[in-house]
Amino acid sequence: MKNKTKAFKHLEKWEGTLANCIRCGYCFEHCPLFKYTGWESDAPRAKIITAFGLLSGEMGPSESAAHKLFSCFYCKRCEAACSSGVKLTEVFTDAKKDLIEMGFNGPGTTSTTQMNCARCLICLGACPHEARSHEKGRGIVVDPVKCKGCGICIEVCPAGAAKIQNSFGTNRKDLMERASLFMTTHTSAKAIVFACNWSYYPDLQASALPDAETRDKSYEILVNMCGGRLERQLLMAPFIHNAWGVMVAVCPDEKCEHNGNLRAKERVEDLRNTLKSIRIDPERLQLVQIPAGDKTKFQAEIDTFVDRLNVLGPIR
Amino acid sequence: MKTIDEERLRAIVGEANIKTDPSDLYIYGSDSSVHHAMPWAVVRPKTTAQVQAVLRYANEALIPVIARGGGSGMCGQTVPVMGGIILDMKGMNKILEINLADVYCRVEPGVVDDDLNLALKPHGMFFPPTPASSRIATIGGEIANNASGVRSVKYGATRDAVLGMKVVLPNGDLVNLGARTRVEASGYQLHKLMVGSEGTLGIVVEATLSFVPIPEFRCMGIANFNTLKDAGDAISSIMASGAIPSMLELVDDVAIKAVNKTMNLGLKEVAAALIFEADGMVREAVDYEINKMKVICQKHNGEDIYASYDPKERDKIFLGRKSLFPALSKYDDNLASTSLADDMAVPYSKMAEMAGKIHEIADKYNIVMTAYGHCGSGCMHTKILMDTKRKDQWESARKAITEVYDYVRSVNGTTSAEHGIGLSKAESFKIEKADSLHLLSLIKKAVDPNNILNPGKLSQAPEDWVTATNLRYSVNS
Ligand SMILES: Cc1cc2nc3c(=O)[nH]c(=O)nc-3n(C[C@H](O)[C@H](O)[C@H](O)COP(=O)(O)OP(=O)(O)OC[C@H]3O[C@@H](n4cnc5c(N)ncnc54)[C@H](O)[C@@H]3O)c2cc1C
Ligand code: SF4
Ligand code: SF4
């Protein structure tokens, strides 16, 4: 049987938790990483198994093991779903601390700063987790333990220097492509709904519907990581592809870990004014706040929005 | 370990659908059981043709192949005891057809149970076997394990909802089994042979399933009992009376105390509680069933009997049962809730005695065991809470489990009601099925002469489950 390694001094306190996790897998259906890649080894349970493997010495520390523990958006959907009260993200954070001390580092989902940084320091102020600092001679430095991967820095960076290396389908380019794909392949398409991963969207999680059932779909839900990341270009993109409307779903006030909902509110308000100025009914861009887990409310909001769009008709 | 022709596998499924990194392999070496073993590669086929090609290669090269759905099996069914290729079937996740006129649906094996139900709901239909793990369990895994759940007392297990399927055999041949009709008497029911085969006979690549209408009315009730015997007698009388519950669940005092301790629910700490439910399209019919069950509970000294149609009230009644799982995990930081001897079935009349026996054995070996389950279908669950670091606790668990199964068989019960055999329950399974094991191995040999599909499971599993694989816990020596 196994020998525990002493090198994981932060992770060590979770030894009991790692045994108490019953490995039921209830944590993985909603994880955006798993949903994107479909690999179980990207799911939260896999990270717990990795942490156990590292702590027990069954698995040696390696780039790929570190990569698994560094890849997480800290949306905490897994914790809400856990059957056994495991504080998954706290385990990941401690594992990250140990791995960093051993010389492993990201990139995971955490942001990194590239060469073309203009040193404007906007991202420092925008980061809700104080993960960014400016160091003389090194420029902008990201603390991978503090960074929670919300990606707000990426959207505020005017030079395109802040990046998430592994975005698991949540970066602007991917989302724009998926919005365009839905709008152009469905004659019935009317709306794009951007939802943060907290929204427990009412769609199927890990399976696909028969083609006959999706042919007449009027809206597509696209999961971004945080409402705070939704910027102008992305929100307007569906309109270019003849969308009748765009909906943004974020957490209720005070409920967002990154205060991204407040940013989203400002952005949407601002864009509604823009729409008005070009004589497009601002009703076509809606923001709704959905309490975590309330799929029914979310579906009702979408249905109301689509009904409203049906009254408004296409944009002429 | 044999060398695997990774290039050949890559050519079959594509670069994006194969994993060979040790950390990925380590992860895919576990499921929800106590076991762990390393596979040699993980391959994710997207089409039937790819499954066929992988099996042709593996059959030629004599490499084990283990199908994997959600990896929520509780007895090590997907743990690769002899290494080999894990076939991650979650890549085949399409619902192919919902045919309302002919009342069936066709799905790929990686479709998740909850997703199928979400897709059926707008049509007023549901797929009833629904295990508690329905949020991650796949149809392939449910078929291979003959999964069932709280409503199986009325609607049956997976076996009852499978009309037909397409299966890839170990030599790569594709066969169509069963039919798309409600009844079929055209020879051997080979599709039913696949049900419960735990991935040892063929890889299910498509299933044709029946579904039923979602009932208009649901009413749930609860009754408390001061002795386990009274609760057990009530279960037996309800089932014998011809009542048709859509759920009949028992929770014992250890379970109630665990829920109170960890969740502060303030449930009355009685010897046992029964939760019963009836459903239907006509309210009077549901009333009739509920009243029948209430009267029987009363007759057997049930107390605080109460039932409601209100969804909020129903949630409240079910909360204790629903909270049981997390409550057991959180029971004590030093005790892990392990899936061992966790789903035997006994005749209704033995339900109470079985629960009593579990308590007696737990006391004897100084471990915590609770008794609860889908008593309406004869299924009794237990969890063993133990300090998994202590070797002596594993020894105690081993002895306790042997005694539990000895009792189960002595009253004509069966080793597994719903979670399957895999590795953890092989010992009792082999004793229970001693006279048919030879037949079983003849079937296995005929279908899989090279023994490549999930070898080392069921009748081939090592007798001693503790040493069958590495345990997935750190155990002090
Ligand atoms: C918390 C929890 C609660 C549970 N509750 C219940 C319950 O109420 N009722 C119940 O019955 N079970 C329950 N289970 C056990 C388990 O979830 C079920 O048996 C489920 O059916 C397994 O499905 P899976 O997709 O996870 O299969 P896996 O665990 O991935 O595989 C199980 C078996 O199926 C085989 N298999 C998978 N896909 C295929 C395929 N396409 N072709 C051939 N063989 C295949 C595998 O080789 C393996 O032998 C529970 C498990 C957990 C963790
Ligand atoms: S916090 Fe979110 S991203 Fe991270 S593992 Fe959990 S579900 Fe996945
Ligand atoms: S839901 Fe919780 S107990 Fe289950 S596998 Fe995930 S972390 Fe472990």
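The shell around ligand 3 in this predicted model comprises eight nonpolar, three polar and two charged residues; Ala, Val, Leu, Ile, Met, Phe, Trp, Tyr, Cys and Pro count as nonpolar, Asp, Glu, Lys and Arg as charged, and the others, Gly among them, as polar. A residue is near a molecule if one of its heavy atoms lies within 4 Å of it. The table sets out the two ligand shells.

| Ligand | Residues around it | Closest residues | Classes |
|---|---|---|---|
| Ligand 2 | 13 residues | A:Cys31, A:Cys72, A:Cys75, A:Lys76, A:Cys78 | 10 nonpolar, one polar, two charged |
| Ligand 3 | 13 residues | A:Cys21, A:Cys24, A:Gly25, A:Cys27, A:Cys82 | eight nonpolar, three polar, two charged |

Helix H4 (residues 63-70) and helix H6 (residues 88-101) of chain A have axes that come within 9 Å and cross at roughly 140 degrees. Here axes are lines fitted to C-alpha atoms, for helices over the stretch in contact, with angles from 0 to 180 degrees between N-to-C directions, and helices are DSSP runs (H or I, at least four residues) numbered from the N terminus. A:Ala66, A:Leu69 and A:Phe70 of H4(A) meet A:Phe92, A:Ala95, A:Lys96, A:Leu99 and A:Ile100 of H6(A), contact meaning heavy atoms within 4.5 Å. By class, seven of these residues are nonpolar, none polar and one charged.

Residues are numbered from 1 along each chain as its sequence is written, chains are lettered from A and ligands numbered from 1 in the order in which they are written. Local features need pLDDT of at least 70, side-chain atom pairs count only at pLDDT 80 or more, and totals for chains, interfaces and linings use all residues, while side-chain values use heavy atoms, with hydrogens and water left out.

Conventions. Helix = DSSP H or I, 4+ residues; strand = E, 2+ residues; numbered from the N terminus.
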